[in-house]
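Here are my notes on this model, point by point. Please read them with the structure open.

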Amino acid sequence: MIAAAFLIGFLFDLGPEPPVQNVLSGVGDFPVDHIWFNTSEPLSLYNQLSKHVVVVFFCRVSTLADLQYFSRLEEIQEEFTDEPLAVIAAIQTDQTSSDELREIVEDWGIEFPVIIDNTGIVANRFNVSTSPSLLVLDARARVSARFYVGWERADLRGIVDDLLQQLRAMRYSMIEIYHPDGGSYIPDQPQP
């Protein structure tokens, strides 16, 4: 009887393996035809930001709460300045004048890279449907944390530190740490 139970268990165990579900989800990359501030070239998760932990903040820059969020993100960036961490803001706006947008970035004192998402393409590529939202990507450009509300109460520093420790454990050699260069990238506008 016991032998029959083992045999039946063994036979049922020979079935196909169930598909493995990824806990971490991948995202698209930043589009190259958008306006960027605080960087002189469009950034890519798979080029300049390869093997970086990336924090992407989606907002509209319309409330004082957004200003407080930017202050918190600046603190995180400064704390990990010598680590492969990039903080990026994706500002969702209907304004299209690059001068007006540059003025907003300067007035708000934003020093990390900013991509202007005036068409919603960036939000779509990152599967973001509400603003403000915050994504934390691991070194393989997979979403490790996603916050729609309440991220200011989350232990963002701890999340970033954990992901950087995982990155160190991978023992990558020669990671060129990205630092914003303060420039701006305005793609060529189509001529009528």
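1. Contact here means heavy atoms within 4.5 Å. The model is a predicted one. With that cut-off, and setting aside neighbours within four places in sequence, L73 is in contact with V55, F57, V87, F112, L134, W151 and L156.

2. L73 also stands out in the largest nonpolar core. That core has 34 residues, and L73 and L134 touch the most other members. L73 and L134 are themselves in contact.

3. Which elements give two or more residues to this core? The strands are β3 (53–59), β4 (85–91), β5 (114–116), β6 (133–137) and β7 (142–147). The helices are α2 (64–79), α3 (98–107) and α5 (156–169). Helix α5 gives the largest share, 5 residues.

4. Another core lies apart from this one. It has 22 residues, among them A86, I88, A141 and V143. Please check both cores when you look at the packing.

5. Now the charged pairs. Side chains of opposite charge can pair when their charged atoms come close. How many salt bridges does a search of the whole structure find? The search finds 4. Three of them are described below.

6. E83 forms a salt bridge with R168, with 3.3 Å between the closest N and O atoms. This pair links distant parts of the chain. E83 sits in the loop between α2 and β4, whereas R168 belongs to helix α5, and 85 residues separate them. E83 has a relative accessible area of 23%, so it counts as partly exposed. R168 is partly exposed too, at 42%.

7. R102 and D99 pair within one helix. Their side chains meet in a salt bridge at 3.4 Å, N to O. Both residues lie in helix α3, 3 residues apart, which is about one turn of the helix. Are they buried or exposed? R102 is partly exposed, with 26% relative accessibility. D99 has 52% and therefore counts as exposed, since the cut-off is over 50%.

8. D138 and R142 form a further salt bridge, with 2.8 Å from N to O. D138 is buried, because its relative accessible area is 6% and the limit is under 20%. R142, at 26%, is partly exposed. This bridge therefore joins a buried acid to a partly exposed arginine.

9. To sum up, two points deserve a look in the viewer. One is L73 with its contacts, including V55 and W151. The other is the E83 and R168 pair, which links distant parts of the chain.

How values were computed. Residues numbered from 1 in each chain as written. Predicted model: local features only at pLDDT ≥ 70, side-chain atom pairs only at ≥ 80, totals over all residues. Heavy atoms only, no water. Core = buried A, V, L, I, M, F, W, Y, C linked by side-chain atoms within 4.5 Å. Buried < 20%, exposed > 50% of the residue type's maximum accessible area, 1.4 Å probe, protein only. Helix = DSSP H or I, 4+ residues; strand = E, 2+ residues; numbered from the N terminus.
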